[in-house]
Amino acid sequence: EMLLLSVELNTICCNASISACANSRQWQTALQILSHMLTAAMQCSVTSINAAITACSKGSEWLIAHDLFWNMPSPHIEPDTITSNAAISTHEKNRQWRFAVIALQNMSENTHCRSSVTLGAVIGALAQAVNWRAVVGCLQDMTASNIEASDAICTAAIAACEKGTRWSVVFSLLLHM
């Protein structure tokens with residue numbers, strides 16, 4: 001026989017539930033919980049949105065994740081660095097490099113802190129699109145921002161330049177690694 005405990009439904013419980021849904025690729029359930037939070041006048045936080053974006057991303061629902069990022073469901077919630085990173089990673093995984101770049105530009109306008117995760121995801125998206133010029137621009141942005149490029153980022157950048165037959169750029173990148 002199962003013992004049922006009365007647990008107060010609050011923001012922390014809901015956020016944990018949405019995160020659990022993300023880890024098990026249950027994006028629909030994550031969105032139902034988020035919707036319940038919003039309709040029950042429960043305190044919804046940026047953490048709630050971040051977890052929902054991640055759940056949609058892991059469930060291969062990039063359009064829904066994209067919509068959550070650009071149309072925050074609560075006017076009191078502003079996207080943070082984690083929100084932007086989640087959206088950019090979603091766009092990278094789904095080969096939507098233009099949206100990844102727009103999200104990166106949005107971070108600049110809102111003074112969110114860029115990180116190697118942020119720029120690495122954008123470079124990954126651009127590399128898949130063989131947009132070597134933009135990749136080099138992101139690397140320059142990383143250098144100007146004192147953000148160290150990981151081996152994976154450098155490899156993606158080199159691959160983009162190689163696919164674009166820009167061997168002189170590849171050579172230059174190798175010299176700076």
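Let's start at phenylalanine 99, which is partly exposed, with a relative accessible area of 29%. Keep in mind throughout that we are looking at a predicted model. What does the ring of phenylalanine 99 pair with? Its partner is tryptophan 62: the two ring centres are 5.8 Å apart and the planes sit at 40°, so we call this pair tilted. Along the chain these two are distant, with tryptophan 62 in helix 4 and phenylalanine 99 in helix 6, which covers residues 97-109, and 37 residues separate them. Is tryptophan 62 buried or exposed? At a relative accessible area of 17%, tryptophan 62 is buried.

How many aromatic pairs does a search of the whole structure find? The search finds two. You have just met one of them, tryptophan 62 with phenylalanine 99. Another aromatic pair is formed by phenylalanine 69 and tryptophan 70, and this one is edge-to-face, with 4.8 Å from centre to centre and 80° between the planes. Have a look at the accessibility of each partner. Phenylalanine 69 is buried, with a relative accessible area of 3%, while tryptophan 70 comes out as partly exposed at 33%.

Now let's step back to the whole chain for a moment. The protein chain has 10 helices and zero strands, so to speak of its pattern along the sequence is simply to say α-α-α-α-α-α-α-α-α-α. Of its 177 residues, buried ones make up 44%. As for contacts with a separation of 6 or more, residues 24 or more positions apart account for 58% of them.

With that picture in mind, let's return to helix 4, residues 62-70, and look at how it packs with helix 5, residues 81-93. The angle between them is about 150°, and their axes are 10 Å apart. How do the two helices run relative to each other? Helix 4 and helix 5 are roughly antiparallel, since angles over 145 degrees count that way. Their crossing is left-handed.

Which residues meet there? On the helix 4 side we have Trp62, Ala65, His66 and Phe69, and on the helix 5 side Thr83, Ser84, Ala87, Thr90 and His91. Sorted by class, that contact has four nonpolar residues, five polar ones and no charged ones. You will recognise two names from the aromatic pairs: Trp62, whose ring pairs with that of phenylalanine 99, and Phe69, which pairs with tryptophan 70.

Staying in helix 5, let me point out asparagine 85. Asparagine 85 counts as buried, at 13% relative accessibility. Which residues does asparagine 85 touch, leaving aside those up to four places away in sequence? The list is Met107, Ser115, Val117 and Thr118.

Next, please find valine 122 in helix 7, residues 116-128. Its relative accessibility is 0%, and valine 122 therefore counts as buried. Not counting residues up to four places away in sequence, valine 122 touches Ile88, Ala100, Val101, Leu104 and Cys138. With cysteine 138, valine 122 has a sequence separation of 16 residues and a C-alpha to C-alpha distance of 7.9 Å.

Let's compare that with a residue in helix 2, leucine 38. Leucine 38 counts as partly exposed, at 33% relative accessibility. Where sequence neighbours up to four places away are left out, leucine 38 touches Cys44, Pro73 and Ser74. Leucine 38 and serine 74 are 36 residues apart in sequence, yet 7.7 Å apart in space, C-alpha to C-alpha.

I'll finish with two loop residues that are worth finding on your screen. Arginine 25 is in the loop between helix 1, residues 11-23, and helix 2, residues 27-39. What is notable about the phi of arginine 25? It is near 60°, a positive value in a residue other than glycine. Arginine 25 also counts as exposed, at 51% relative accessibility.

Serine 60 sits in the loop between helix 3, residues 46-58, and helix 4. Its phi is also near 60°, again a positive value in a residue other than glycine. Is serine 60 buried or exposed? With a relative accessible area of 53%, serine 60 is exposed.

Conventions. Residues numbered from 1 in each chain as written. Predicted model: local features only at pLDDT ≥ 70, side-chain atom pairs only at ≥ 80, totals over all residues. Heavy atoms only, no water. Axes fitted to C-alpha atoms, helices over the stretch in contact; angles between N-to-C directions. Helix = DSSP H or I, 4+ residues; strand = E, 2+ residues; numbered from the N terminus. Parallel < 35°, antiparallel > 145°, perpendicular 65-115°, else oblique. Left-handed = near helix turned anticlockwise from the far one by under 90°. Contact = heavy atoms within 4.5 Å. Nonpolar A, V, L, I, M, F, W, Y, C, P; charged D, E, K, R; others polar. Phe/Tyr/Trp six-rings, centres within 6.5 Å; stacked < 30°, edge-to-face > 60°. Buried < 20%, exposed > 50% of the residue type's maximum accessible area, 1.4 Å probe, protein only.
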